[in-house]
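User: Got a model here I'd like to go through with you. Can we take it piece by piece?
Analyst: Sure, let's bring it up.
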Amino acid sequence: MFAKFCHGKEAETPAPFNEDALPHQFDARRRTSVSAECWNQACDVPTQRLTGGCAKAAITPIPVNTNKQSVVPPSDINRTVVSLRKTLFFKELSEDLMQQVLHALKSRKIEAGKEIICQGDEGDDLYVLDKGKVEYIKDDKKVGEASDGATFGELALMYNAPRAATVRSLEPCEVYTLDRITFKRIMVAKLSRKRLHSQQVLSHIDVFSHLPESTQLKISDALQPLTFQKGDVIIKEGDSGSDFFLIDEGTVEVTANGEHKTTLGSGSYFGELALIYDLPRAATVTATSDLLKLEDLSKRGFEQLIGPDLVEELRRRDPRRLH
Ligand SMILES: Nc1ncnc2c1ncn2[C@@H]1O[C@@H]2COP(=O)(O)O[C@H]2[C@H]1O
């Protein structure tokens, strides 16, 4: 069993947590899910864990010291960023958060034939394979290989799940590691910014702006940003409807039966009719600006979060009466 090898492997000195940098209430060694850890959204920092809600008081942020030299040599930074951006989590990470990631990385050399990650273990670090080759083993079966530029080990950190596979070095490897605490802090900062942005988009749309803040927050959390380019068809007349859209930035043209009906811009929404009447799409909606940024609410989210009063209001504002 690989698990045996794994648990019998040489203990690698774990990167020490810089507990001095943590707020005193925060237990760095505690392992809980992100949702169970409580974070101060406004300043992207963990706060005291409380039953039933987050602590309100702002607590000193954990600084990632971006003045100190990153262990990644300047010549390798682009390559490391490219490697990180291959994973979904880092794909659209803002530049400043990416800088924080780069400054928190630690470098490690690993001999050939070592278990870097062991299936079933708790996740401590995320790995960027800078040089070398590894194999992935699941339930004692080899399921894949990866070489320079691969990133692995993020799933257990993201989902607070046990390691899904063993990762073993096939040759001497050089890796960069990102510790769990920094990963989670970046993750919460990213989510918190996303939430704030979605909330701003929502609050600029008349019909949503009067909703209670708690409802706005729930809807904001369910929104997913999407980007389109000029000419992209977002909705096709006659199709069944699965999403509702808010326009964050840019414009769309609405056509029905081949006729121009209207142009919509930021502060508008579309795609509600198919969902509220359970009918095929009444019109085609096409991006007309070079860049179109939308916030997407799935049909499920729409059904769960848009209450009867709001549905009634959307019915009252049926655009077919206007244009
Ligand atoms: N005159 C219009 N006729 C039909 N749909 C329109 C019109 N103006 C805007 N729309 C939007 O275009 C969307 C197309 O998908 P839906 O039918 O779900 O919802 C529609 C409305 O949100």
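User: Before the helices, what does buried mean here?
Analyst: Buried means under 20% relative accessible area. Keep in mind that this is a predicted model.
User: OK, helix α4. How many of its residues are buried?
Analyst: In α4, residues 95–104, 7 of the 10 residues are buried, and the helix is mostly covered.
User: Which residues are the buried ones in α4?
Analyst: Leu97, Met98, Gln100, Val101, Leu102, His103 and Ala104.
User: And what do they pack against?
Analyst: Three helices and two strands: α2 (74–85), α3 (88–91) and α6 (180–203), plus β5 (106–110) and β12 (173–179).
User: Now α8. Which residues are buried there?
Analyst: Gln216, Ile219 and Ser220 are buried in α8, which covers residues 213–222. Looking down the axis of α8, these buried residues fall within an arc of 105°, so they line one face of the helix.
User: Why would spacing like that put residues on one face?
Analyst: An α-helix has 3.6 residues a turn, so residues three or four places apart point the same way.
User: What does the buried part of α8 pack against?
Analyst: The buried residues of α8 pack against α6, α7 (206–209), β20 (291–298) and α10 (299–305).
User: Switching to pockets. What volume does the largest one have?
Analyst: The largest pocket comes out at about 960 Å³.
User: Which elements line it?
Analyst: α3, α5 (154–159), α6, β13 (224–229) and β20 each give two or more residues to the lining. α6 gives the most, with 6 residues.
User: Which residues lie nearest the centre?
Analyst: Glu92, Lys190, Lys194, Gln224 and Pro225, out of 24 lining residues.
User: What's the lining like by class?
Analyst: It has 11 nonpolar, 4 polar and 9 charged residues.
User: Sheets next. What's the strand order in the open one?
Analyst: The order is β5-β12-β7-β10, 4 strands with antiparallel pairing. β5 and β10 (151–152) stand at the edges with a single partner strand each, so one side of each has no neighbour in the sheet.
User: And β7, is that enclosed or open?
Analyst: Largely enclosed by the rest of the structure, because 6 of the 7 residues of β7 are buried.
User: How many bridges does β7 make to β12, and how many to β10?
Analyst: β7 is joined to β12 by 6 bridges. Between β7 (residues 125–131) and β10 there are 2 bridges. Both pairs run antiparallel.
User: Which residues stand opposite each other?
Analyst: Toward β12, Asp125 stands opposite Asp179. Toward β10, Val128 stands opposite Thr151, and Tyr127 is opposite Phe152.
User: What about β19, which way do its residues point?
Analyst: In β19 (residues 284–287), Thr284 and Thr286 point one way, while Val285 and Ala287 point the other way. All are buried.
User: Which strands does β19 pair with?
Analyst: One of its partners is β14 (residues 233–235), antiparallel over 2 bridges. Val233 stands opposite Thr286 there. β16 (residues 252–256) also pairs with β19 in the antiparallel sense, over 4 bridges. In that pairing Thr255 stands opposite Thr284.
User: Last one, Arg321. Where is it, and is it buried or exposed?
Analyst: Arg321 sits in the segment after α11 (308–316). Arg321 is exposed, at 59% relative accessible area.
User: What is Arg321 in contact with?
Analyst: Arg315 and Arg316, leaving aside neighbours within four places in sequence.

Terms used
Residues are numbered from 1 along each chain as its sequence is written. This is a predicted model: local features need pLDDT of at least 70, side-chain atom pairs count only at pLDDT 80 or more; totals for chains, interfaces and linings use all residues. Side-chain values use heavy atoms; hydrogens and water are left out. Buried means under 20% relative accessible area, exposed over 50%, partly exposed in between (1.4 Å probe, protein chains only). Contact means heavy atoms within 4.5 Å. The arc is that of the directions from the helix axis to the C-beta atoms. Two strands pair if DSSP finds at least two bridges between them. On a 1 Å grid over the protein atoms alone, a cavity is a set of points where a 1.4 Å probe fits but cannot get out, and a pocket is an open set with protein on both sides within 12 Å along at least five of seven lines; lining residues have an atom within 4 Å of a point. Grid points are joined across faces, edges and corners, and a volume is the space filled by probe spheres set on the points. Ala, Val, Leu, Ile, Met, Phe, Trp, Tyr, Cys and Pro count as nonpolar, Asp, Glu, Lys and Arg as charged, and the others, Gly among them, as polar.
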